[in-house]
Amino acid sequence: TSTQQWIDVESDFAIFIKNKLDTILKKNIIDGIQILRAKNPYDVHSDWVVTNNQVPIADPATNPPSYTVVIPLLDGDYKTIVFDQEAKYNDDHDWNKYCGHCNKEDQKYLTIKNVFPWKRGTLFAFDRMLFHCSANFSELSKKAIVMWLSYE
């Protein structure tokens, strides 16, 4: 499905990114950072507990999760879909367009909150507690910097 190149959160690169993030997402620490190369769209999941090789990278009890941050590195018809459990309806057309690769049963319980289009060099962030997935894509692969933040 993907390859992940994990980056040390103490590296010069991570510190540079953290300093840039401090202007918009104050009082956060980086739990993990990676270069993601996705070959297939991801199914529905949350980032409350993020793992590297099945090992949690931070404990939510001591580091309360805050945001997942995505910085696309390629242009293309890529999107990330974020869900909101509290909506009272779901649009079949949007679900089939963006989430046709996901388990159909999930549509009964999830509603689309936001669709984030990928544009190289932009940044979007969302609450790590929210369920999300990749939209369908037909390009060969997509690439981004992905970070998981917690409150200080």
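Here are four short exercises on a predicted model, each followed by a worked solution.

**Exercise 1. Get a feel for confidence.**
Find out which element has the lowest mean pLDDT and which has the highest.

*Solution.* Start with the whole chain: its mean pLDDT is 84, and 94% of the residues reach 70 or more. Next, go through the elements. Helix α2 (residues 92-99) has the lowest mean, 72, while β5 has the highest, 93. Finally, look at residues 86-90, where the pLDDT is below 50. Beyond near neighbours in sequence, that stretch makes 7 contacts in the model.

**Exercise 2. Trace the sheet of 5 strands.**
Work out the strand order, and explain why β1 and β8 each have one side without a neighbour in the sheet.

*Solution.* Step one is the order: β1-β2-β10-β5-β8, an open sheet with antiparallel pairing. Step two is the edges. β1 and β8 (124-127) each have a single partner strand, so one side of each has no neighbour in the sheet. Step three is the twist: on average, neighbouring strands here are turned by 25 degrees against each other, direction ignored. Now zoom in on one pair, β5 and β10, which run antiparallel and are joined by 6 bridges. Thr68 sits opposite Trp148 of β10. To finish, add helix α1 (residues 12-21), which packs on this sheet and touches β1, β2, β5 and β10. The direction of α1 makes about 115 degrees with that of β2.

**Exercise 3. Trace the sheet of 3 strands.**
Determine which strands stand at the edges of this sheet.

*Solution.* Write down the order first: β7-β6-β9, again an open sheet with antiparallel pairing. β7 (112-117) and β9 are at the edges; each has a single partner strand, so one side of each lacks a neighbour in the sheet. Neighbouring strands of this sheet are turned by 20 degrees against each other on average, direction ignored. Then check a pairing: β6 (residues 79-83) and β9 run antiparallel, with 3 bridges joining them. Ile81 has Cys133 in β9 as its bridge partner.

**Exercise 4. Explore the largest pocket.**
Describe the space in the largest pocket and the residues that line it.

*Solution.* Begin with the space, about 540 Å³. The lining has 25 residues, and those closest to the centre of the pocket are Gln34, Tyr42, His45, Asp47 and Trp148. Sort the lining by character: 11 residues are nonpolar, 12 are polar and 2 are charged. Last, ask which strands contribute. Those supplying at least two lining residues each include β1 (2-7), β2 (28-38), β5 (65-72) and β10 (142-151). Trp148, met in Exercise 2 opposite Thr68, turns up here among the residues closest to the pocket centre.

Note on methods
Residues numbered from 1 in each chain as written. Predicted model: local features only at pLDDT ≥ 70, side-chain atom pairs only at ≥ 80, totals over all residues. Heavy atoms only, no water. 1 Å grid on protein atoms, 1.4 Å probe; cavity = no way out; pocket = protein on both sides within 12 Å on 5 of 7 lines; lining within 4 Å. Points joined across faces, edges and corners; volume = space filled by probe spheres on them. Helix = DSSP H or I, 4+ residues; strand = E, 2+ residues; numbered from the N terminus. Nonpolar A, V, L, I, M, F, W, Y, C, P; charged D, E, K, R; others polar. Pairing = 2+ DSSP bridges. Axes fitted to C-alpha atoms, helices over the stretch in contact; angles between N-to-C directions. Contact = heavy atoms within 4.5 Å. pLDDT = per-residue confidence, 0-100.
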